[in-house]
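Ready to work through a structure one exercise at a time? Take a look at what is shown here, then try each task before reading its solution.

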Amino acid sequence: MRAQDLMTPSPACISANENLRKVAQLMEDHDCGCIPVVDDRDNRRVVGVITDRDIAIRAIAQGKGPETKVTEIMTADATCCSVDDDLDAVEQVMAEKQIRRVVIVDADGYCRGIIAQADLARAADRLPEGEHDLARVVERISQPAESPAR
């Protein structure tokens with residue numbers, strides 16, 4: 001199965017110059033916790049990602065308000081997968097980067113979809129037995145990152 005077969009197509013995206021109020025409204029309207037950030041000039045080219053956790057930790061906890069620009073708290077250089085990547089590659093990226101959502105892009109870097117950990121869980125029922133060990137994947141994605149040596 002390929003990423004394009006499982007992804008949520010055409011997710012809500014936001015410009016880096018928009019504010020947190022707008023991104024939070026998009027999250028509410030689309031019932032999601034992750035919004036791809038796209039280039040202002042080229043509306044679908046991915047330049048980053050912003051999550052509900054980014055808003056909580058990088059904005060609210062730091063005393064930043066709803067008018068704060070997305071670019072101030074987003075994760076630049078978002079980890080993405082290609083529409084043609086197989087699910088094993090998507091799972092590996094999630095596990096290595098310890099992320100629960102991956103933006104799916106085409107060859108030009110345009111946002112085409114998003115895959116969440118929950119999407120992988122739903123897909124497990126459709127895959128042949130033995131081809132997808134969901135428990136292993138969820139465990140790898142959810143493990144805390146190792147602390148740097150002191």
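The exercises below go from the whole chain to its helices, pockets and single residues.

Before you start, note that this is a predicted model, in which local features need pLDDT of at least 70, side-chain atom pairs count only at pLDDT 80 or more, and totals for chains, interfaces and linings use all residues. Residues are numbered from 1 along each chain as its sequence is written, and side-chain values use heavy atoms, with hydrogens and water left out.

**Exercise 1. Describe the chain as a whole.**

Step 1: Start with the secondary structure, which comes to seven helices and eight strands. Helices (H or I, at least four residues) and strands (E, at least two) are DSSP runs, numbered from the N terminus.

Step 2: Next, check burial: of the 150 residues, 41% count as buried. Buried means under 20% relative accessible area, exposed over 50%, and partly exposed in between, with a 1.4 Å probe and protein chains only.

Step 3: Now look at contacts (heavy atoms within 4.5 Å). Of those with a separation of 6 or more, 57% are between residues 24 or more positions apart.

**Exercise 2. Work out how helix H2 packs on helix H3.**

Step 1: Find H2 at residues 20–30 and H3 at 52–59.

Step 2: The angle between them is about 150 degrees, and their axes lie 10 Å apart. Axes are lines fitted to C-alpha atoms, for helices over the stretch in contact, and angles run from 0 to 180 degrees between N-to-C directions.

Step 3: See who meets whom: Leu20, Val23 and Met27 of H2 meet Asp52, Ile55 and Ala59 of H3. By class, that makes five nonpolar, no polar and one charged residues. Here Ala, Val, Leu, Ile, Met, Phe, Trp, Tyr, Cys and Pro count as nonpolar, Asp, Glu, Lys and Arg as charged, and the others, Gly among them, as polar.

**Exercise 3. Explore the largest pocket.**

Step 1: Get the term straight. On a 1 Å grid over the protein atoms alone, a pocket is an open set of points where a 1.4 Å probe fits, with protein on both sides within 12 Å along at least five of seven lines; lining residues have an atom within 4 Å of a point.

Step 2: The largest pocket holds about 510 Å³ of space, a volume being the space filled by probe spheres set on the points, with grid points joined across faces, edges and corners.

Step 3: Its lining has 16 residues, with Thr51, Asp54, Gln98, Ile99 and Arg100 nearest the centre. Strand E4 (46–51), H3 and strand E7 (101–105) each give two or more residues, and H3 gives the most, with four.

Step 4: Sort the lining by class, and you get five nonpolar, four polar and seven charged residues.

**Exercise 4. Is threonine 51 buried or exposed, and what does threonine 51 touch?**

Step 1: Locate threonine 51 in strand E4.

Step 2: Threonine 51 has a relative accessible area of 14%, so it counts as buried.

Step 3: Leaving out residues up to four places away in sequence, threonine 51 touches Met27, Gly33, Cys34 and Arg101.

**Exercise 5. Compare two residues with positive phi.**

Step 1: Recall that most residues other than glycine have a negative phi.

Step 2: Aspartate 31 has a phi near 50 degrees. Look for aspartate 31 in the loop between H2 and E3, where its 73% relative accessible area makes it exposed.

Step 3: Glutamine 98 also has a phi near 50 degrees. Glutamine 98 sits in the loop between helix H5 (87–97) and E7 and is partly exposed, at 24%.
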